[in-house]
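I opened this model to look up how its chains meet and how two helices pack. My notes follow.

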Amino acid sequence: MIASVFGVLFDGFAYGMLLFILSVGLSVTLGMMNFVNLAHCSFAMLGGFVTVTLTDQLGWPFLASLPLAFLAAALVSVAFERGLYRRLYGASDLDQCLLTIGIVFVSVAVAAYIYGTIQQPVTLPSYLRGTVSIFGHSLGVYRLFLIGASVAITATLIAALEYTRFGAQVRAAVDNQRMARGLGIDVDRVFAVTFALGSGLAGLGGALAIEIVGLDHAFAFTYLIYVLIVVAVGGLGSITGSFVAASLLGISDMAGKYYFPELGAFLIYFVMVALLMWRPLGLFGRR
Amino acid sequence: MPALATRGLDKRFGSLVVAKDIELTLPPGERYALIGPNGAGKTTLINLITGMLKPDKGRIFLGENEITALEPDARVKCGLVRTFQINTLFPHLSALEAVTLAVCERQGYAGSWWRELPAYGDAVEEAYAILVSLRLAGSCYRPTRELAYGQQRLLEIALALATKPKVLLLDEPAAGVPQGESAELFSVISDLSRDIAVLFIEHDMNVVFRFAHRIIVMVGGRILVEGTPQDIAADHRVRDVYLGGGRHG
Amino acid sequence: MTSSALTEPQRYLEAQIRWRPVEIAFWLATLLPFVLAPNYLVLASQIAITALFALSLDLILGYAGIVSLGHAAYFGFGSYTAGLIAKWGWGEPVTGLLMAAAAAGVLGYVSSFIIARFRHLALIMITLGFGLLLAEAANSASWLTGGADGLQGVRMWKLFDVFAFDLYGTTAYSYSLAVLFLAFLVARRLIGSPFGLALRGIRENAVRMPAIGAPARAHIRKAYTIAAVMAGLAGALLAQTTETVSLETLSFARSADVLVILILGGAGRLYGGLVGAIIYMVARDQFSGINPQYWYFWIGTLLILVVLFLPNGVLGGMARLMRFARSRA
C-alpha cells in the first residue's frame, strides 16, 4: 500500500512537472500582457512533432532533438506574435480567445494532414528507458529525468528572474505594466522575448510529453484544458504558482486515476472550480 | 445631522498608507472641495466612501444611516453617488439610453423585462429633462463615444443626477476640459439644487476658491487641514505643500 | 393616435425596437423549406434548434458580455431531461419540453450565483469547468444516461395528438420552428425592455453599473437563468425530434461550436445566432463528406479572419456596408 502511494506520488509529481514546463510560459505571458493565448499548446504540439520528425525520420538522438523542439516553437511563436497577436493586445478577452482557438483548430488540422491521426512514436535512448531502484522503490528512469530536468529549469527561471536585469524587467512588467513603461522599460520587447521563451518551453514540454502521455494531432486541444487549469489555479504571472498548481494537478490526476477510476476527470474539474471560487486570481495570483 | 460623515477611515496596501484616520463631515447642501497634490489619496478616499474599496478600519455614515457594510449599488440607492475622473461611460449606448437606464435603476424598473422601454414614459421624460438641463439634449440620440469630450464629462454628471443623490462626489469633474469650458461645467455644478451636498476634487484653485464653501486639504493619505477658502489661502502649511515646501510624489 | 402621443425621445426609443420589414421577410422565409426543400426538413429542424441555442448564448454573451465556454451544459441537461421523461413513460412533447426547459433553468439559476461573481479568465475557466464537470458526470453515470452509447428508448407521442414525428421531418421542423419563433419573441421583448438596456449597460461598462445603483449581479443571474431555460429548450427539442440523446450534447465541442456560430453571425444583434446557425449548418451539411480535419481547418481560418476583419460577424459587416452605402448616396 505504501509502495503504491509512493508510486502514485512519484508518477504524479513527474506528470506535474511535465504540466509545469508546458504551462509556465502561458502563466507568465498572461500575467504580463493579459493576452489569452489559447494556442499555447499548439506550440507545444509543434515541439513534439519536431522531435518525432527528427528522431523517427531523421534518426537523431532524442536528447539532441530537444533544443530544436524548443527553438522551433520559440521561432514560430515570434512569427505569430509579430504578425498576428500584436494587433489584439487591446482587444477583448473574447476576441483573443476566438483568434487563438481558431489557430488551435488550424494547427490540429494541419497536424492531422501531415502526420495522420495516430499516436506518434518516439524512440528513447537506452539510458533513459527502464527503471532504477532507489531506496527499495522502483522508479522510472525517464520520469526521474523529467523531474530532474524540470527542477533544473525551474531553478534557472527563478534565478534568472531574481538575479538578472532582464528578470527584473520581467517582474516589473508583470507587476505593473504602465509603471514599468514609465520607468523606461521596453515592455514590448520584454514581452516578445518572454513570449518566445515561454512558447519554446512549451515546445520542449511537448517533446518531453510524448513518452509520458503520447502525442497525436489533437494534443493542442487535449492538453489545453490542463494547462489552463494550472495557469488559472496557480495564478497569472507566477512561476511558483504554476509549479505548485502543476504538482497538485499531476498528483491529483494520478491519484484519481488510481484510486477512483470511475470518477474519471471529474475530480480534477471539481477541484479546479472549487479552488477558483475560493481564489479567483489563483493561489499565487495578485491584482 | 451631516449628509456624509466618515470616522477614522484607514486603508493601506502593504506598507503603502493611502488613508489614515480620515474624519470627514459634509453638512447637507454644502459645497466642499477636496484638494491636495497627486498621490495624496483623494480618489482613494472616494473609492472608500463609495464602497469600491474596503477600508481596514473606520465607519461611514450617510445621514443617520451607517453604510460601512453596504455594497456600492446599495449606497447609491441610499443617495450617495460619484462621478469618475476618467470618463466611465457606456460607449455604444446613446446619452438618452444611458441616463434612462440610470433612472430605471433608481425606480426599480430595470429588472422588468416584459414591457418595452418606451412605455416607461416617466423615466424617459425625466432622463430627457436632465439632459436638457445639462445642454446635452441636442446630441442625446447619438452613441456616447461620438460625443465631444466636454459633453462626455457632462454626461458623467447627468448619470449621477439621474440617481437623485443626496450626496454627490465629483472626481475632478473638469479633468481634461479646456479652461474656457470648465467655467460652464462648474456653473452647472453650482446651480445644482441645495438638496444635494457636493464634495468635489479639483486642481484648479480659481474654481476651488470660487465655488467651494469649505476646503479640505489632503496630503499623503491624511487630512492636513480644513477650513474656509480664506483660512486655507492664508495657511502656510498648504502653501508649503503646493509651492515647494515638500515635493510629494 | 398612439404615435403622436409619444414625445420625441420616446419615438427615438420606439424606433430602436420597431419590427423592420427585413425581419418579417426573414421569418416568412423560414417557411420556404416546406415548399422548396421538403427533403431537407430534418436538417431545417436541426438548424432551428441550433439557432435557438445560439440565441440563448447571445443573451448572455452578446448582451451581457459573459464569455461562456460551457453553455452546452444547459443544452445537454435539457436534452437528457426531456429524453428521460419520455423514456420513463411520459411521451407528450409539449409538457415534456416545458419540464426539461424548467429543469435547465433551475440548473442555470443555481450556477448563476457562482458565475455572476467572476470576470475575465476566472469566469472563462469556471464556465469551462462546469461544462466539463457535467459532461464527465454524464459519462460516468451511464446507468442513467446510457453513457457513450447514448440514451435509448426515447419514444415521443404525437404532437397535439395529431402530428407524429416522422422520418420526413415535417412535424419536427414545424415544432422546432414554432418554438424558436416564440422564444425569439420573448428574447426580442426582453432586449427592448429596461432589463435589456441594463444588460447592455453591463456589457458596455460593468464598472459603471454599480455606480448608478444597478445590482449588476442580480441582473446577470436573471439573464443567465433565462439563457439556460432557452438552451434547455433547444436541447429538449433535439431529444424529442431525434428520439435520442448523446454525450455530445454536453460536450465542449458543442459549446465551442455555438460560440463560433454566434460570432460568425454577429453577437449582440439577436439575429446573429440565427444567421450564423443557417450558414454554419448548411455549410457543414454540404461538406459533410469531407474529412473532419479539413472542416476544422476552415472553421479555424474563418474564426481568425472574422476576429481580424469582421469583428461583428456577418450581420455587423452587412450593417457597416449599409452605413457606407448610405453615406455615399
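For helix packing I take axes as lines fitted to C-alpha atoms, for helices over the stretch in contact, with angles running from 0 to 180 degrees between N-to-C directions. Helices (H or I, at least four residues) are DSSP runs, numbered from the N terminus.

This is a predicted model, where local features need pLDDT of at least 70, side-chain atom pairs count only at pLDDT 80 or more, and totals for chains, interfaces and linings use all residues. Residues are numbered from 1 along each chain as its sequence is written, and chains are lettered from A in the order in which they are written.

Confidence: I noted ipTM 0.89 and pTM 0.88. Chain C has a mean pLDDT (the predictor's confidence in each residue, from 0 to 100) of 90, with 98% of its residues at 70 or more.

Helix pair: H6 (residues 72-87) of chain C packs against H13(C) at about 45 degrees, and their axes lie 6 Å apart. The two are therefore oblique (not under 35, over 145, or 65 to 115 degrees). Among the residues making this contact (C-beta atoms, placed from the backbone, within 7 Å) are Phe75(C) and Gly76(C) of H6(C) and Gly232(C) and Leu233(C) of H13(C).

Chains: which two share the most contacts? Chains B and C do, of the two pairs in contact. I found 31 residues of chain C in contact with 36 of chain B. H11(C) gives the largest share of chain C's side, eight residues. Chains A and B do not touch; their nearest C-alpha atoms are 11 Å apart.
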